[in-house]
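Student: I'd like a close look at one strand and what it pairs with, please. From there, could you carry on through the ring contacts, helix faces and sheets, with the numbers attached?

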Amino acid sequence: EIDLLWYLAEDDGTDVVALYIESVANGRRFMEALHACTERKPVVVIKAGRTMAGQRATLSHTGSMAGADRVYDAALKQCGALRVRSVEAMFDFCKAFLSVPPGVGPRTAIVTNSGGPGVLAADRAEEAGLDVRQPSAALQQELRSFLPGHCALQNPVDLTVEGTGAWYERALTALLAEYDVAVAINVATPYLDSMDLARGVADAAARARSVGDQPTAVVAAFLPEEIVAESVVRLQERGVANFATGDRAVAALGLVSAYAPSGRPLPWCGPEGSPLGKDELPASHAPLSGTDGTVLEHQAMAWLRENEMPVPRFRFAETLDGAVKAAAELGYPVAMKVVSPEILHKSDVGGVVLDVKDDGEAVEAYRDLERVGQGRDFRGVVIYPMVKGAVEVLLGLSTDPQFGPVVAFGVGGIYTEIWQDVALRVAPIDRRDAEDMIQEISALPLLEGARGEPARALDALADVLTRFSRLPFRYPELREVDLNPVFLFEEGQGLVVGDVRVIVEKATKERDR
């Protein structure tokens with residue numbers, strides 16, 4: 001597939017590429033070839049193995065383990081590829097792309113002779129990102145001048161079963177003064193003259209291609225196949241693409257509208273597609289602590305601070321007296337957490353005590369955490385000043401077997417696994433990728449200031465997310481990093497890491513043994 005993508009990118013005889021994949025052996029080489037192709041022409045992709053059952057099937061079929069589907073989804077998105085879930089959608093897109101002029105916009109009009117299929121198409125068009133606005137008052141008045149009063153003019157424009165070829169032609173032509181593309185739906189019965197309707201649609205399509213500077217187009221959905229076969233041939237002879245249903249037509253048009261070359265290289269590649277040089281990546285530092293694959297929280301916080309990540313003031317204490325002294329130095333109220341290599345999710349086991357207000361509560365908190373860590377390799381406690389008025393988000397790094405380092409951003413806190421509101425990208429990312437990830441999550445309105453809440457420091461968040469994505473290239477031994485929660489303050493006040501978990505590859509001798 002990699003070799004073919006490089007070839008097809010340069011092939012003048014290829015206008016659109018359809019790709020089926022199960023897995024790739026070298027994810028980054030695949031992304032480089034795919035990105036090079038999508039910069040020149042669209043690539044529509046089916047990725048098999050989306051589910052556990054599908055992954056088992058691809059394993060038995062190809063002999064290679066498929067990577068996590070969400071990582072593939074992120075990689076395809078970064079490369080500008082268009083992902084579909086069915087063979088029908090794949091070929092619908094190819095047909096649509098070859099049938100409408102380049103750069104056609106999203107404003108979509110629907111003309112039908114049956115109300116239900118028109119409504120279904122309008123619903124699907126909006127879901128596909130198309131603009132299904134109502135015609136202007138002036139355009140509705142123009143339609144009303146030649147259509148009977150019982151026709152609906154709101155978009156979909158319903159000509160009813162009485163619709164003629166002349167009505168289709170005039171309605172489609174009028175609508176394309178305000179819309180970029182029009183879909184003509186004909187739900188035929190044996191007594192309708194579908195050939196007449198096809199002539200009207202084709203005449204409107206021919207006129208659309210020859211008038212004005214803004215590209216416009218007409219596509220059709222004539223059905224059912226048994227009745228409209230002859231008229232579909234006529235449409236195809238006149239250069240009008242026909243789709244099995246109206247909703248499949250608009251779904252394909254939505255993909256056409258979504259395709260746009262990025263005009264920029266992948267973040268780890270130079271302008272000519274060469275690998276990013278070592279001098280362009282951050283300089284390497286000493287290896288992380290934790291030859292057993294574990295980095296304790298206070299060690300991880302110090303490491304983040306060294307790498308210019310925003311961390312709060314903190315203290316690590318191995319004894320009760322040390323904990324009380326550290327809490328007083330930081331200034332009450334404080335949060336106190338258990339430190340143990342055997343406790344990953346501290347909140348689940350009572351390993352976090354919040355809002356400790358004085359020395360007496362600090363003593364009580366330490367003893368409670370000591371009991372939590374009993375028999376679990378208790379190392380001490382880490383103490384932070386309390387944080388108020390922040391929204392909790394997460395930043396994460398993991399290692400995918402096909403694509404290598406992957407960065408995540410999403411809703412943070414103790415319910416992260418429940419909400420699953422996370423955006424992924426193959427690392428490293430640039431600032432624009434970081435902004436796209438922030439815009440992608442469902443909780444974005446909360447970060448932008450919903451219901452009178454203050455807007456959050458999204459510019460600072462994008463900067464930190466970009467820097468964070470480069471850590472695996474400073475530290476090749478990194479396997480996983482979770483920053484959860486990250487406290488995101490009001491706009492202009494930045495953010496700070498609230499908790500960190502780091503997993504590194506074990507020392508070579510341990511791994512070899």
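Tutor: Happy to. Let's begin with strand β16, residues 422-426, which is mostly covered, with 4 of its 5 residues buried. Please keep in mind throughout that this is a predicted model. The partner of β16 is strand β15, residues 404-411: the two run antiparallel and are joined by 5 bridges. Within this pairing, F409 stands opposite A423 of β16. As background, strands of a sheet pair through backbone hydrogen bonds, either parallel or antiparallel.

From β15 we can step back to the loop between β14 (391-400) and β15, where F403 lies. That residue brings us to the aromatic rings. A pair of rings is described by the distance of the centres and the angle of the planes. The count of aromatic pairs here comes to 6. In one of them, the ring centres of Y72 and F403 are 5.0 Å apart and the planes stand at 85 degrees, so the pair is edge-to-face, the class for angles over 60 degrees. Y72 belongs to helix α4 (residues 69-78) while F403 sits in that loop before β15, so the contact ties together parts 331 residues apart in sequence. Both partners are out of reach of the probe to a similar reading: Y72 counts as buried because its relative accessibility is 1%, and F403 counts as buried because its relative accessibility is 1%.

Another aromatic pair joins F314 and Y384, and this one is tilted, with 6.2 Å centre to centre and 45 degrees between the planes. It also links distant parts of the chain: F314 is in the loop between α12 (297-306) and β10 (315-317), Y384 is in strand β13 (residues 380-385), and the two are 70 residues apart. With a relative accessible area of 12%, F314 is buried, and Y384 is buried too, at 4%. Beyond pairs, F93, F97 and Y259 form one aromatic cluster.

Charged side chains also meet rings. R28 lies over the face of W268, 4.6 Å from the ring centre, and K95 takes such a place over F243, at 5.0 Å from the ring centre.

Now for a helix face. Helix α7 spans residues 137-144, and L139, Q140 and L143 in it are buried. Seen down the axis of α7, these buried residues fall within an arc of 100 degrees, so they line one face of the helix. A137 and A138, on the other side of α7, are exposed. The cover over the buried residues of α7 includes β5 (152-153), β6 (157-158) and α8 (165-175).

Q140 of α7 deserves a moment of its own. Its relative accessibility is 11%, so Q140 counts as buried, the limit being under 20%. Setting aside neighbours within four places in sequence, Q140 is in contact with Q134, P135, L153 and Q154. The C-alpha atoms of Q140 and A152 are separated by 9.7 Å, with their positions 12 residues apart along the chain.

For contrast in exposure, consider E370 in helix α14, residues 359-372. With a relative accessible area of 37%, E370 is partly exposed. The C-alpha atoms of E370 and V338 are separated by 7.4 Å, although these residues are 32 apart along the chain.

Next, a sheet. An open sheet of 3 strands has the order β1-β2-β3, with parallel pairing. Its edge strands are β1 (17-21) and β3 (82-83), each of which pairs on one side only. Strand β2, residues 43-47, pairs with β1 over 5 bridges in the parallel sense, and V44 in β2 is the bridge partner of A18. Helix α5 (residues 87-99) lies across β1, β2 and β3, running at about 180 degrees to β2.

Finally, the wider setting. The protein has 20 helices and 19 strands. Of its 513 residues, 51% are buried. Among contacts between residues at least 6 apart in sequence, 71% join residues at least 24 apart.

Technical notes: Residues are numbered from 1 along each chain as its sequence is written. This is a predicted model: local features need pLDDT of at least 70, side-chain atom pairs count only at pLDDT 80 or more; totals for chains, interfaces and linings use all residues. Side-chain values use heavy atoms; hydrogens and water are left out. Buried means under 20% relative accessible area, exposed over 50%, partly exposed in between (1.4 Å probe, protein chains only). Two strands pair if DSSP finds at least two bridges between them. Rings of Phe, Tyr and Trp (its six-membered ring) pair if their centres lie within 6.5 Å; planes under 30 degrees apart count as stacked, over 60 as edge-to-face and the rest as tilted. A charge sits over a ring if NZ of Lys or CZ of Arg is within 6 Å of the ring centre and within 35 degrees of the ring normal. The arc is that of the directions from the helix axis to the C-beta atoms. Contact means heavy atoms within 4.5 Å. Axes are lines fitted to C-alpha atoms, for helices over the stretch in contact, and angles run from 0 to 180 degrees between N-to-C directions.
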